[in-house]
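Here is a short tour of a protein model, written for someone who may soon have it open at the bench. Please take a look at the structure first, and then read on.

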Amino acid sequence: EEGQLIRQQHLAGFEQGTYVRVLIRRVPREFTANFRPHTPVILGGLLPHETLPAGASSGDQLGFLNARVKRHRWHRRILKSNDPLIFSVGWRRFQAMPVYSITDQ
């Protein structure tokens, strides 16, 4: 039973709300100097397709997101493909130039 649980966690990840122990190597000195043990630390990461290959510049990075966009009634302008937008996703903010498409439902 325990072996099956370990295999499931390895393949699918941990269930939401599960406590895990994380080992972090090569932590910047500033983090350890300002670390407060009673303050939560939020961890985040990038998926393999979100990282840059060796030798590539940040201009070579390409991400894909499938989302539904609805125009707010106060926004008069039409959103066009390749217009720069600022996205707020969780605690991350980034600028991107989305390409829009329409799919039949």
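Since this is a predicted model, a word on confidence comes first: pLDDT is the predictor's confidence in each residue, on a scale from 0 to 100. Among the elements of the protein, helix H1 has the lowest mean pLDDT, at 82, while helix H2, residues 29–33, has the highest, at 90. For the protein as a whole the average pLDDT is 79, and 80% of the residues score at least 70.

**Overall layout**

What does the secondary structure consist of? The protein has two helices and two strands. Starting at the N terminus, these elements follow one another in the order α-α-β-β.

How much of the protein is buried? Of its 105 residues, 1% count as buried. The exposed surface of the protein comes to about 11600 Å², and carbon and sulfur atoms supply 55% of that area. As for how the chain meets itself, take the contacts between residues at least 6 apart in sequence: 13% of these join residues at least 24 apart.

**Helix H1 and what follows**

Helix H1 covers residues 2–12. The number of buried residues among its eleven is zero, so the helix lies largely in the open. Just after H1 comes glycine 13, whose phi is positive, at about 90 degrees.

**The aromatic pairs**

How many aromatic pairs does the structure hold? There are two. In one of them, the rings of phenylalanine 31 and phenylalanine 35 have planes at 45 degrees, so this pair is tilted. The planes of phenylalanine 87 and phenylalanine 94 are at 20 degrees, so that pair is stacked; planes under 30 degrees apart count as stacked. The two pairs are set out here:

| Pair | Distance between ring centres | Angle between planes | Arrangement |
|---|---|---|---|
| Phenylalanine 31 and phenylalanine 35 | 5.7 Å | 45 degrees | tilted |
| Phenylalanine 87 and phenylalanine 94 | 5.5 Å | 20 degrees | stacked |

Are these rings' residues buried or exposed, or in between? Phenylalanine 31 is partly exposed, at 39% relative accessibility, and its partner phenylalanine 35 is partly exposed too, with a relative accessible area of 42%. In the stacked pair, phenylalanine 87 has 28% relative accessibility and so counts as partly exposed. Phenylalanine 94 has a relative accessible area of 39%, which makes this residue partly exposed as well.

Terms used. Residues numbered from 1 in each chain as written. Predicted model: local features only at pLDDT ≥ 70, side-chain atom pairs only at ≥ 80, totals over all residues. Heavy atoms only, no water. Phe/Tyr/Trp six-rings, centres within 6.5 Å; stacked < 30°, edge-to-face > 60°. Buried < 20%, exposed > 50% of the residue type's maximum accessible area, 1.4 Å probe, protein only. Helix = DSSP H or I, 4+ residues; strand = E, 2+ residues; numbered from the N terminus. Contact = heavy atoms within 4.5 Å. Areas by Shrake-Rupley, 256 points an atom, 1.4 Å probe, with all protein chains shown as cover.
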